[in-house]
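Trainee: Please take one part of this model and give me a close look at it. Start from a single residue and work outwards.

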Amino acid sequence: MAKEKGRKLIAQNKKARHDYLILDTYEAGLVLMGTEVKSLRQGRASLVDGFVQLDGHEAWLHNVHVPEYSQGTWTNHSARRKRKLLLHRDEIDKLEAKSQETGHTIVPVALYFKDGRAKVEIALAKGKKEYDKRQTLREKQDRREADRAMSAVRRKQRA
């Protein structure tokens, strides 16, 4: 069987980018059961309520929904079980120190296969206030309007 190459996105947490200011990102491996991998290969997962908790120099991924594998038997996994993250010790220490600061949390941003192995991108994030969210949306809308205006000018110049 040919080995997979590249990155195949399974799930993305767009709400995390809206609700949090992303300070730093890390790539972590996942300890999974066989039926979880098969379910992920079908492209079924949800990161919406997920978070990372550091416990005794180990990182654990909580509340990520990986549905049960449809052809699984009694060996099937539970959908929202906690999963161990594989990170280097120095990365865990950095995350532990930063997450102790007020307002900081660790959230999963993306779940994907990289060269055939399941990976999760986690981010050290700081919660946004409501006015920060509105400001971000306003900036995004202004950028979009400016791009439209510039493309309209370019179209007129060509004609």
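**From one loop into the sheet**

Mentor: Asn 63 is partly exposed, because its relative accessible area is 31% and that class runs between the 20% limit for buried and the 50% limit for exposed. Keep in mind that this is a predicted model. Asn 63 sits in the loop between E4 and E5. Its phi is positive, near 60°, though the residue is not glycine.

Now look at the strands on either side of that loop. E4 covers residues 59-62 and E5 covers residues 83-86. They run antiparallel, joined by 3 bridges. In that pairing Ala 59 faces Leu 85 of E5.

On the other side of E4 is the loop that links E3 to E4, and His 57 lies there. His 57 is another non-glycine residue with a positive phi, about 60°. What is its exposure class? His 57 is partly exposed, because its relative accessibility is 41%.

Step back to the whole sheet. It is open, has 7 strands, and its order is E1-E6-E7-E2-E5-E4-E3 with antiparallel pairing. The edges are E1 (7-12) and E3 (51-54), each with pairing on one side only. From one strand to the next, the twist averages 40°.

Follow that order to E7, residues 117-127. E7 has E6 on one side and E2 on the other. E2 (residues 20-30) and E7 are antiparallel and share 9 bridges. One of the facing pairs is Asp 24 with Leu 124 of E7. E6 (residues 104-114) is also antiparallel to E7, over 10 bridges. There, Lys 114 is the bridge partner of Arg 117. E6 and E7 make a hairpin, with 2 residues between them. In that turn Asp 115 has a positive phi of about 55°.

How enclosed is E7? Of its 11 residues, 8 are buried, so the rest of the structure largely encloses the strand. In general, side chains in a regular strand alternate between the two faces of the sheet.

The nonpolar core fits into this picture. The largest one has 24 residues. Leu 85, Leu 87, Leu 95, Leu 111 and Ile 122 have the most contacts inside it. At least two core residues come from each of E1, E2, E3, E4, H3, E6 and E7. E7 gives the most, with 4. So Leu 85, the partner of Ala 59, belongs to the core as well.

Take Leu 95 as a further example. Leaving aside residues up to four places away in sequence, Leu 95 touches Tyr 26, Leu 54, Leu 87, Ile 106, Ile 122 and Leu 124.

A helix crosses another part of the sheet. H2 (residues 34-41) lies across E1, E5 and E6, at about 75° to E6. Arg 41 lies over the face of Phe 113, 4.3 Å from the ring centre. The charged end of Arg 7 sits over the Tyr 112 ring, 3.8 Å from its centre. With ring centres required to lie within 6.5 Å, the count of aromatic pairs is 0.

Last, the loop between H3 (89-99) and E6, which holds Thr 102. Thr 102 counts as exposed because its relative accessibility is 74%. Arg 80 is 22 residues away along the chain, and the two C-alpha atoms are 27 Å apart.

Key
Residues numbered from 1 in each chain as written. Predicted model: local features only at pLDDT ≥ 70, side-chain atom pairs only at ≥ 80, totals over all residues. Heavy atoms only, no water. Buried < 20%, exposed > 50% of the residue type's maximum accessible area, 1.4 Å probe, protein only. Pairing = 2+ DSSP bridges. Axes fitted to C-alpha atoms, helices over the stretch in contact; angles between N-to-C directions. Contact = heavy atoms within 4.5 Å. Phe/Tyr/Trp six-rings, centres within 6.5 Å; stacked < 30°, edge-to-face > 60°. Lys NZ or Arg CZ within 6 Å of the ring centre and 35° of its normal. Core = buried A, V, L, I, M, F, W, Y, C linked by side-chain atoms within 4.5 Å.
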